[in-house]
Amino acid sequence: MRKLLNTLYVTKEDGYLSLDGENLVLSIDGKEAIRLPFSNIESIVCINYPGCSPALMGKCAEEQVGLCFVSPHGRFLARVTGPIKGNVLLRREQVRIFEDDGIRLSIVRAILTAKLKNTRNLMLRSRRDNPETDEDGFISHTLNMLQRNIENINVETDFEVLRGIEGHSAKTYFNVFNRLITKQKEDFTMLDRSKRPPLDRVNAILSFLYTVCTNDIASALECVGLDPYIGVFHTLRPGRVSLACDMMEEFRAMIERLTISLINLKTIQADDFDVQISGAVLLNDSGRKKVITAWQNKKKEIILHPFLREKVAIGLFPYVQATLMAKYIRGENQEYYPFIWG
């Protein structure tokens, strides 16, 4: 159980929340584990199976404390909110400020800057671990290009030009992505980024993990009362969680690093995939199990959040970023602070 930005996260899958007077109690196997004053809590996210007592639900509604339920795999299940601090007011403000081009520009610049910085950090770490991958200097050239594009992002005001910068950065980066794969190269080769469908094993892992992480972010946005379908950069269209896709850009390098580790450590192998008649390459049951297990283990890792300056489990980062976005929209923070992975 963790408290971040006045939000309580229940990560013990067998934990049960209840109300005892003015105290919130977490019980495990029927025994009290933690007790906290209810008055200190702004919202609660239950990432567990047993859930909480009806009395606590009623208290949360009465005191305008948001209460959300998310499955241990990150799927949003339900939310209980009070009548004043409900989703309507926050979502109305979300729509209003996202129509302001100046505000949108500020958020997009922050997210894209974080994405490119995270990508550079991944490449720098890979080059440090395997210097031979940059014998011809191509990785160094890509690193310099990414740095120039970071600088360009911070002065550009045209959204289409920003999309061009982001697209150029991604294409150049994926042109060298193969070099970061140092094992099983005969089975894991990525010639280009292919999405729907993925056309090689590397793309199959990336696409699967991107989807899983995007769902985690969408659940987090739902939990704080934001509409994940109303974004600032990705095109709005029915069925697309555009804001989740926007914020996913901050997490891509972490997914890519995990993909590289799965391959280089031989955790996943060629027989963990199925090749369709159409040419699509997809993870099979054993492959999905391995990737999901690796992702769940990754989410348990504790690292220092760059803005909070507090050690946080990686699995809680989508909720932290969603909360920071909500605080920015409500005017509690002067800007949106993206996740920059060191």
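**Helix 10, its surroundings, and a few odd residues**

Okay, let's start with one residue: Y328 is buried, at 12% relative accessible area. Buried here means under 20% relative accessible area, exposed means over 50%, and partly exposed is in between, with a 1.4 Å probe and protein chains only. Before I go on, this is a predicted model, where local features need pLDDT of at least 70 and side-chain atom pairs count only at pLDDT 80 or more, while totals for chains, interfaces and linings use all residues. Residues are numbered from 1 along each chain as its sequence is written, and side-chain values use heavy atoms, with hydrogens and water left out.

So, where does Y328 sit? Y328 is in helix 10. When I say helix or strand, I mean a DSSP run, numbered from the N terminus: H or I with at least four residues for helices, E with at least two for strands. Leaving out residues up to four places away in sequence, Y328 touches I103, S106, I107, N333, Q334, E335 and Y336; contact means heavy atoms within 4.5 Å. Take I107 from that list: I107 and Y328 are 221 residues apart in sequence, but 9.8 Å apart in space, C-alpha to C-alpha.

Now helix 10 itself, residues 317-329. How many of its residues are buried? The count is 13 of 13, so mostly covered is the description by our definition of buried. The length checks out as well: at 1.5 Å a residue, the 13 residues should span 18 Å, and the end C-alpha atoms are 18 Å apart, which agrees. That expected span is 1.5 Å times one less than the number of residues. Right after the helix comes G331, with a positive phi near 85°.

Another residue in helix 10 is L324, buried with a relative accessible area of 1%. If you want a sense of distance, L324 and T133 are 191 residues apart in sequence and 38 Å apart in space, again C-alpha to C-alpha.

On to the core. In soluble globular proteins, nonpolar side chains tend to be buried together. Here, which residues touch the most other members of the largest nonpolar core? They are F177, I205, I268, Y319 and M325, out of 87 residues. A nonpolar core is a set of buried Ala, Val, Leu, Ile, Met, Phe, Trp, Tyr and Cys residues joined through side-chain atoms within 4.5 Å. Helix 6, residues 201-224, gives the largest share of this core, 13 residues. Apart from that core lies another one, of 15 residues, with L8, V10, L67 and F69 among them. As for Y319, its contacts, not counting residues up to four places away in sequence, are Y9, V45, I47, V70, S219, A220 and C223.

Staying with helix 6, S207 is found there. S207 is buried, at 14% relative accessible area, and outside its neighbours within four places in sequence it is in contact with R193, S194, K195 and P198.

Next, helix packing. Two packed helices are described by the angle between their axes and the distance between the axes. Helix 3 (residues 101-129) and helix 8 (residues 252-264) pack at about 25°, with axes 8 Å apart. Axes are lines fitted to C-alpha atoms, for helices over the stretch in contact, and angles run from 0 to 180 degrees between N-to-C directions. So the two are roughly parallel: under 35 degrees counts as roughly parallel, over 145 as roughly antiparallel, 65 to 115 as roughly perpendicular, and the rest as oblique.

Who meets whom? On the helix 3 side we have K115, N118, T119, L122, R125, S126 and D129, and on the helix 8 side R252, A253, E256, R257 and I260. By class, that contact has three nonpolar, three polar and six charged residues. The classes are Ala, Val, Leu, Ile, Met, Phe, Trp, Tyr, Cys and Pro as nonpolar, Asp, Glu, Lys and Arg as charged, and the others, Gly among them, as polar.

Also in helix 3 is R120, an arginine that counts as buried at 16% relative accessibility. Aside from neighbours within four places in sequence, R120 is in contact with L143, L146, Q147 and I150.

Last, two loop residues with a positive phi. D29 has phi near 55° and is not a glycine; D29 lies in the loop between strand 4 (23-28) and strand 5 (31-37). Q184 also has a positive phi, about 55°, although it is not a glycine, and lies in the loop between helix 5 (159-180) and helix 6. Buried or exposed? D29 counts as exposed at 66% relative accessibility, whereas Q184 counts as buried at 12%.
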